[in-house]
Amino acid sequence: IRRTELSRKDLPVFLQKVLHDRHLKDFKNSTHQPFYECTEEYEMLIFRVMDQRFGISNPKTRSTVFLIINNTIVTIHDEDDQTLYKLHKKWLAETYKRPTDLPELLHDLLDTIGNAYLALREPLNNQIQDWQRRLFDPNDPFSDWQVLLQAKSGLRWLKVNLELQREVLQDWREETSLVFNASHVIHFNDLDGHLGRIERLA
């Protein structure tokens, strides 16, 4: 569901009847921090995804909402956010193994978000190293210390963002009503480890 002008009537009927008003406000807030809440009717998980409108030297994120209800996952995101559309295209490919249950589906969605963070980390690190080399080279005219400081600030921001995502994911796993089999546990442990490795390298 696209976030633009979102109202209760835009939601599936089964969700309109049970949705808490405070959560509708959360849906509309693209700046919402990572968060989860489990109610009697549904579970809500908010993750921050990379905002493709910004470059690697000034990374930004925006929120995507995952609602788990009635054996369904409803996603709410900005209209121009392409993060999960890429995964949707993979699902349409005959060679791609599609998820067969909700834990697998949610893992695929969250893993796609994690991969977007990973895609940012390496070029941002490379850019910082290049700027540092040029700034300390007396024969190089490049002298923009501000852009280097901004990029380093971006790496610190990435680390904090990933810490929050991991904490929210762990809290949700402890309270979710979804039933995890051994394979699900392994996949979500791998996801946490994946995010942790990116965090440590940031």
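Analyst: A definition comes first: helices are DSSP runs (H or I) of at least four residues, numbered from the N terminus. Keep in mind that this is a predicted model.

User: Where is alanine 93?

Analyst: Alanine 93 lies in the loop between helix 3 and helix 4, and helix 4 covers residues 102-135.

User: What makes alanine 93 partly exposed, rather than buried or exposed?

Analyst: Its relative accessible area is 29%. Buried means under 20%, exposed means over 50%, and partly exposed is in between. The value of 29% falls in between, so alanine 93 is partly exposed.

User: How far apart are alanine 93 and asparagine 189?

Analyst: In sequence, 96 residues separate them. In space, they are 27 Å apart, C-alpha to C-alpha.

User: Which pattern does the whole chain follow?

Analyst: Read along the sequence, it runs α-α-β-β-β-β-α-α-α-α. That goes with 6 helices and 4 strands. The C-alpha trace spans about 65 × 40 × 35 Å along its principal axes. Of the 202 residues, 44% are buried.

User: Why is methionine 50 called buried?

Analyst: Methionine 50 sits in strand 2, residues 43-50. Its relative accessibility is 10%. The limit for buried is under 20%. So methionine 50 counts as buried. Its C-alpha is 9.9 Å from that of asparagine 115, with the two positions 65 residues apart in sequence.

User: How do you know that arginine 62 and aspartate 80 form a salt bridge?

Analyst: Side chains of opposite charge can pair when their charged atoms come close. The cut-off is a side-chain nitrogen of Lys or Arg within 4 Å of a carboxyl oxygen of Asp or Glu. Here the closest N and O atoms are 2.7 Å apart. That value meets the cut-off, so the pair is a salt bridge.

User: What parts does the pair of arginine 62 and aspartate 80 tie together?

Analyst: Arginine 62 lies in strand 3, residues 61-69. Aspartate 80 lies in the loop between strand 4 (72-76) and helix 3 (83-92). The pair therefore ties together parts that are 18 residues apart in sequence.

User: Is arginine 62 buried or exposed, and what about aspartate 80?

Analyst: Arginine 62 has 3% relative accessibility. That is under 20%, so arginine 62 counts as buried. Aspartate 80 has a relative accessible area of 39%. That lies between the limits of 20% and 50%, so aspartate 80 is partly exposed.

User: Which residues are linked in a network of salt bridges?

Analyst: Asp51, Arg53, Arg62, Asp78 and Asp80 are linked in this way. The structure holds 8 salt bridges.

User: What makes aspartate 140 and arginine 134 a salt bridge?

Analyst: Their closest N and O atoms are 2.9 Å apart. The limit is within 4 Å, so the pair qualifies. Aspartate 140 is at 19% relative accessibility, which is under 20%, so it counts as buried. Arginine 134 is at 24%, so it falls in the partly exposed range.

User: How do you know that aspartate 192 and arginine 166 meet in a salt bridge?

Analyst: The N to O distance is 3.0 Å. That is within 4 Å, so the side chains meet the definition. This pair links distant parts of the chain: aspartate 192 is in helix 6 and arginine 166 is in helix 5, 26 residues apart. Arginine 166 counts as partly exposed at 22% relative accessibility.

User: Why is the contact of threonine 176 with glutamate 43 called polar?

Analyst: The two side chains make the contact at 2.7 Å. A polar contact needs a pair of N or O atoms within 3.5 Å, so the distance fits. Threonine 176 lies in the loop between helix 5 and helix 6 (182-201). Its relative accessible area is 14%, under the 20% limit, so threonine 176 is buried.

User: What makes the patch with Glu163 negative?

Analyst: Its members are Glu163, Glu167, Asp171, Glu174 and Glu175. Asp and Glu count as negative, so the patch is negative. Glutamate 163 is found in helix 5, residues 145-175.

User: Why are asparagine 70 and asparagine 71 called exposed?

Analyst: Asparagine 70 has a relative accessible area of 54%. Asparagine 71 has 66%. Exposed means over 50%, so each of these residues is exposed. Asparagine 70 is in the loop between strand 3 and strand 4, and asparagine 71 is in that loop too.

User: What is the phi of asparagine 70, and of asparagine 71?

Analyst: Asparagine 70 has a positive phi of about 50 degrees, although it is not a glycine. For asparagine 71, also not a glycine, phi is positive at about 55 degrees.

How values were computed: Residues numbered from 1 in each chain as written. Predicted model: local features only at pLDDT ≥ 70, side-chain atom pairs only at ≥ 80, totals over all residues. Heavy atoms only, no water. Patch = residues over 30% accessible without salt bridge, like charges linked within 9 Å, V, L, I, M, F, W, Y side chains within 5 Å. Areas by Shrake-Rupley, 256 points an atom, 1.4 Å probe, with all protein chains shown as cover. Charge placed at Lys NZ, Arg CZ, Asp CG, Glu CD. Helix = DSSP H or I, 4+ residues; strand = E, 2+ residues; numbered from the N terminus. Buried < 20%, exposed > 50% of the residue type's maximum accessible area, 1.4 Å probe, protein only. Polar contact = N/O pair within 3.5 Å; in protein donor to acceptor, adjacent residues only side chain to side chain.
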